[in-house]
Structures are given as C-alpha cells and as structure tokens.
Amino acid sequence: MIASVRRAIGLSLSVLALSPVISAERCERSCLEGLISDYLSALVAHDPSRLPTTPDVKYVENDQIVPLGTGEWHIIESLGKYNHTFSDPEAGQVATITTVIENGVGAIYSVRLKVEEDGKISEIETQISRDPGGAKIYEERGQPEAVWLEAVPLEQRITRDRLIWQTNRYYTGMQGNDPKGDYSFFDKECNRLEDGRQTTNVKTGDPYGHSNDTAFASLTCEEQFQTGFLGFVTKIRERHFPIVDEERQVVFAITTLDHNGTVRSLPSVNGTSSPIPPYFETPRSLRAMEAFRLRGDKLYRIEMTLTEVPYGMRAAFPEGPPVPRGPGSNFTAYPIPCDLICLENVVGDIIMTIRVHDFSRLPFSKEVRYSENGQFLAMGDGLWETLEAVSWTDSYGAVLADEESSTAGFWGYSKEHSVPGVVAIRVKVENGEITEVEVDVVRAEMTDSRGGTITLMRPPIPVEWEGDTSDLLDPVFQEYTTSGEITSELLDAYFDGLEKHSSEGVPFAPDCTRRDNFAQANLTCAAQMEGQGTAPNGLSNSTTTVRDRRILVKDSKRGVVLAVALIDEPANGPGPLSETTRVPGTYMVPQLIKVNNGTISHVESVIKWMPSGYTSAWGEEGEEFDA
C-alpha cells in the first residue's frame, strides 16, 4: 500500500464566480471593518460564496490548513455581543476577537484577513479558543475598553517600526523570563486579559492558570515579569505582527509559545519555589493571537487569546525557516546491511540515547530527520529532554524489524517526569547510519482542580486514558509466526473499513480482539467496525475520513504491523450531539495490528485528539511508505 496524504487544500472552492467585483482603491478602516463584518455574516450563514476571495485563498483553523467552508463553517450557530476589531489599511489586514456559539456552546473566535489591492481576501487565519468560561466573561464585558478605540494625537504617536519593536520586547522578555531583565517597556498601569480573564492587578486571591500560585495575578505587568514566574515558556517563535494601527497605537500579533518540559519549578512572588504543574512536564505549544495598546512607548493594554497545538507545530503562515535536518554524528556505523538482529539492537540503542538525552552516541546521518507526533523537531528537542523511562518486552513492549525496508520499531510505555504515555517509534537505517526517527507519543490525560494534563480546550474523547500502566501487552505481538504475510490489500481493507464503519471485506479472525486506550469491549473486531458498542474502535460512529495511513514498520516474521492513521471527526452530524462529537477534530491513532494466516487477530491502539484537519509533516513532504 502506498500511504498517501489526501490533503483537501487543493479541492475546488468554486465560490469565486459568485464574488462581487471590488475596486482597486485602498481599503481603509471602514472598508476593512466592513469586510470582516461580512466575513462573520457569511460564517454564520455557512456560505463562503459570499466572500470576495482570490483563487488561491488560504484558510486556516487553529494552525491547520483546511478547505474554506469546512470546520467552523459547519458548526457555528450565532455571534455573541463582544467584538474587538483591529485594522491596518497600509498592510491591507484586519482582525477581530469575538464570541460565538458553536453546537450550543460558547467559544472565543479570532480571525485575521489579508486583503489584496483588488479587494479580494487572500488569507483567512482563524483561532477558536474553546473556553466557554472565557466566552461568558467576554459576553459580560460586552465591548472592548474604550481606550482601544481612541485615535491617539499625532504628537503622542510612535512609528510603526517602534510599535513592533516595543511589542516584540514583550515576547523576548517572556521567553525564559529572566527575573533580572529590563521590563521598563510596560506602562505602570498596564493590564492584561487572557481569554477574557484579567490576569494582572487582580486582588481576589485566585490561582493563576495551571499553577496554585495565588499572588501572581495580583501583580502589575512589570512586577509579574520581574518574578521570573513565566520561565516555563522556553521559546516564543513564529512572531508575526500583521496588523499595526498607527492611528490607535495598536499592534495585533500572532505567535507560538513553546514549553519544552525542562523547567522543573516555578518561582513564586515571595521568593520560594513550587513544583511545575503536571501540565508543563511534557513538551507543549500554544498558539496565541494577541493585541497590544501602547501609551507613549509603553505597553498599556494586552488582550490575548490562545489555544493548544501539537508541540513544535510550524505556523500555517511561517515566519522563519523550517527545522533543519541533522546534525549528524561520527559514532561507529552499523553493519551494512543491517540485518534483523542489527535492527532490533537499533531499537534498544535509540531508546537508550533518548533516555540519556544524548544523540551523539549513535551514528546519525547528517541529513537525519526527527519528528514527534508528525512535527519535525530539532535533534535533542522534545522527548530527548523529557523522557525518563520506557517499559520493555517483558511487560508492555514490542520490538519490530523489517529487513526489506531496513526499518525497526518499538511500542511501549513511556514516562516523562510524572506523566505516563505510550510511545511508538520508527527508525530507518541506510548505509550504516540512522536517517529517520519518527516518534508518536500519546500521553495520559488526567484531570485535577488546576486542569491536570488535559490538552488545552480539547473535547472529551470517547475512551479516555488517565495513566494506568498496570496493563500488559498481549504476548502475541512478540511471537514469531510462519504465516505472518502482510499484504497491501489486507491493510487497505482494514483502513477502508474504519472509514466506512463496515467490516465487509475486512479479513478479521472470528475471535479477533482489540483494545483502544486500554479499554477492551466485549465485542469482536468485526462488530466494532460495524459500529456496535458505546465507543467502537475507541471512537464514535460519526468519524469520516481515515487518512495519512502510514505503515511505519511491517514485521512479517512476527506478523505485526506498526501503523498510524489520522481519523476525522467533523462534528456536523444530526443533533443532539454528544460532548465527544460536538467539536471538529482529528484523532491520531497509532496501532499494532497482528496478522496470522491472512487474517487480523489482534489490534492494540492508543488515541490522541488533534486539531481538526491535522496532517503529518512526513506526508506534507510527499514521503511514501510501501506496505
């Protein structure tokens, strides 16, 4: 089987013929504000044909490039009262932070439009912060603070470049958050909102974010940075300043905040430290749309909205170069060719080097590629900094090898600080060197009073795994077989059956069993594929496309396939919808498939929720894998 990426970006969006003709005059503030109002009206009407778009318009939701008219366009019901619009006639860009109701639940909706000289929209970048509490606060607020909308006298304005410079100092100061840094760029009366909530100068004693610190939010903007508390933000990248409103002295910025999981404690206001919240014990990225109002050359008001994206996610409108390949190492090469025993040894070697956080101990190619959960990362990033332990084949683990493709694989428990997970690894060896390392890690998602380790703002999934690591892996996945041939037709039939919710033509053994997120239903594999049970295949019956079907390792001596697929949940089925199907999303599903005598006898999978439309960077590069 050739696993191909069925990207929908190239789908015909034949709404352009219906678009109105716009004059080539510059779109001033009223024009830009009118366009974004029209955009929101079209969104609520579920009708993108109302928009004047370029033929190659790029539409993005939560950093995922998807076809215009999908995702939010299917589920939005109405607009809320709050609306804060930012305009930049010079750049031809406009954005708004507003509130919406989607499938009966409030959310914060931010959108940026780029308008070309002919008046057509060429870029639509949206971010949905699915925070009903924050949306409610915005609704109670009703409208933005008046100072945001006031024209600043000419003599009190600073230049466009200076506005960006001062705003960027905020991000530079937050990254690593040196308590001894110069934070004089804050106005003494600065205030910040985060998803509608005021998080500065608040005297309620409520804890801040995922932490238990009750004093941080009581401080001024400058005082907060002077504590060093925000040092768990290890990198702020993709810094984009698309809208600069010189008349109102406002900047609208879009950035990605990385938290690499290496910071182990938080300094508190009184000088003592506290353990880092579990949420930040593993690598995470947050995507933020954020507005700044300056008074003089100081940051006076800040309004942030954010959502979580996969760690290392490259922005849909990138501001920097892609992650470079390499670096290689000069370690002793593996034998050429690397046979079955060699490949199995590679698995142990790669786990050891990640666990000791030192990639110089193996022969990596100068062009090596490394990824986690479909995102290319620099060697040494991600798990290389946080992994502490893995299980092995004597409890919950499987080592796989395929001499024909010179690939090896691993499946087992992982532990990063206090957070357990399941890790699937593919390693490719060529000419004695490791050229590719692909890791998919599904971490336990637990709840507590401060948010636990749940992916920020994701919906519940049909089968949750909160981190019990007492289960063993069925030994069948490590047993050798003389009848373990794995054909492309068999794997095609399996994934097609998942997509169609039909077992017709899928070669399941009569007693086939499957376990999804460690839950095993009292149903056969065939019955679950037909949609029987409360969470068939660990999912819902409303999932649609099964795409990015990637065969990572095919071990014919054991009759085991290590695979990963992306499964879409459009959230547009007939109502009433359950909590698990109310929000568009994409499930990443790594899985082990056992084949014996041409039939599937066992399936073991874990499930991670991803933003709707998520696609693996391996697929985007056009990589192909033969099954």
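User: Before we start, when do two strands count as paired?
Analyst: Two strands pair if DSSP finds at least two bridges between them. Strands (E, at least two residues) and helices (H or I, at least four) are DSSP runs numbered from the N terminus.

User: Great. Anything I should know about the model?
Analyst: It is a predicted model, where local features need pLDDT of at least 70 and side-chain atom pairs count only at pLDDT 80 or more, while totals for chains, interfaces and linings use all residues. Residues are numbered from 1 along each chain as its sequence is written, and side-chain values use heavy atoms, leaving out hydrogens and water.

User: Which strand does strand 18 join, and how many bridges are there?
Analyst: Strand 18 is joined to strand 19 (residues 407-416) by 6 bridges, and the two run antiparallel. In that pairing, A398 stands opposite W411 of strand 19.

User: What's in the turn?
Analyst: The two strands form a hairpin with 4 residues between them, and S406 in the turn has a positive phi of about 55 degrees.

User: Is strand 18 mostly covered or mostly open?
Analyst: Mostly covered: 6 of the 6 residues in strand 18 (397-402) are buried, meaning under 20% relative accessible area with a 1.4 Å probe, protein chains only.

User: And which residues sit on each side?
Analyst: G397, V399 and A401 are on one side, with A398, L400 and D402 on the other, all buried. In a regular strand, side chains alternate between the two faces of the sheet.

User: Zooming out, how many helices and strands are there?
Analyst: The chain has 10 helices and 27 strands. Of its 627 residues, 59% count as buried.

Methods: Buried means under 20% relative accessible area, exposed over 50%, partly exposed in between (1.4 Å probe, protein chains only).
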